[in-house]
Amino acid sequence: RAQPRELFAHQQTGLTAAGAILLVALILGVLLFAVLTLPLRGLARKMRAWAARLETDSPFRGPLSPSSDEIAALNQQFDSMARHIEQQIEQIRSQDRQRREFIATISHDLRTPLTSLHGYLETVILKGDSLPRATRQEYLETAIHHSNRLQQLIAALFELSKLEAGVI
């Protein structure tokens with residue numbers, strides 16, 4: 001039979017070993033947790049940097065509240081990014097609507113002088129010598145007027161395209 005002293009020594013050795021095992025397990029757990037959450041913390045840092053840039057570049061964003069919880073910060077910054085993207089999509093849709101309206105308007109504005117020009121020139125060709133000289137001159141001057149108007153519209157359209165491309 002073991003003496004109480006020996007029993008106590010064995011218990012103490014067992015408790016020391018269990019404590020050492022728990023301590024090693026705790027250290028390994030903390031290290032494993034740090035390694036596993038490293039990508040999450042890196043992503044949170046990138047999102048915070050993106051949010052800071054968004055705050056300075058965008059007039060419609062407010063400051064994000066700093067958080068030590070990476071998941072909450074990522075959630076907040078994802079919502080911010082989603083709102084920003086939604087606003088950009090709406091701006092693109094609006095610009096697309098305006099572009100379609102502009103194309104319809106410019107098509108009409110170009111078609112009007114072109115049709116008139118074509119009509120006057122066709123009349124001069126068809127009637128030929130049967131038109132009085134003064135009337136023929138008037139038709140040709142009107143055709144030149146519409147040709148000049150068409151030239152101005154095309155020049156304005158060309159200038160507008162250069163503005164949109166950032167050339168001017």
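**Reading the salt bridges**

Student: What makes D129 count as exposed?
Tutor: In this predicted model, D129 has a relative accessible area of 73%. Exposed means over 50%, so D129 qualifies.

Student: And why is the contact of D129 with R136 called a salt bridge?
Tutor: Their side chains meet with N and O 3.9 Å apart. The cut-off is within 4 Å, between a side-chain nitrogen of Lys or Arg and a carboxyl oxygen of Asp or Glu. An Arg and an Asp at 3.9 Å meet that rule, so the name applies.

Student: How do you know whether R136 is buried or exposed?
Tutor: Neither word fits, because R136 has 25% relative accessibility, while buried means under 20% and exposed over 50%. R136 is therefore partly exposed.

Student: Good! What makes R97 and E90 a salt bridge?
Tutor: The closest N and O atoms of R97 and E90 are 3.5 Å apart, which is within 4 Å, so the pair qualifies. R97 is partly exposed at 39% relative accessibility, and E90 is also partly exposed at 39%.

Student: How do you know that D96 and R100 are paired, and where do they sit?
Tutor: Their N to O distance is 2.8 Å, so the 4 Å rule is satisfied. Both lie in helix α2 (residues 70-127), and being four residues apart, they are separated by about one helical turn. D96 has 36% relative accessibility, so D96 is partly exposed.

Student: How many salt bridges does the whole structure hold?
Tutor: A search of the whole structure finds three.

Terms used. Residues are numbered from 1 along each chain as its sequence is written. This is a predicted model: local features need pLDDT of at least 70, side-chain atom pairs count only at pLDDT 80 or more; totals for chains, interfaces and linings use all residues. Side-chain values use heavy atoms; hydrogens and water are left out. Buried means under 20% relative accessible area, exposed over 50%, partly exposed in between (1.4 Å probe, protein chains only). Helices (H or I, at least four residues) and strands (E, at least two) are DSSP runs, numbered from the N terminus.
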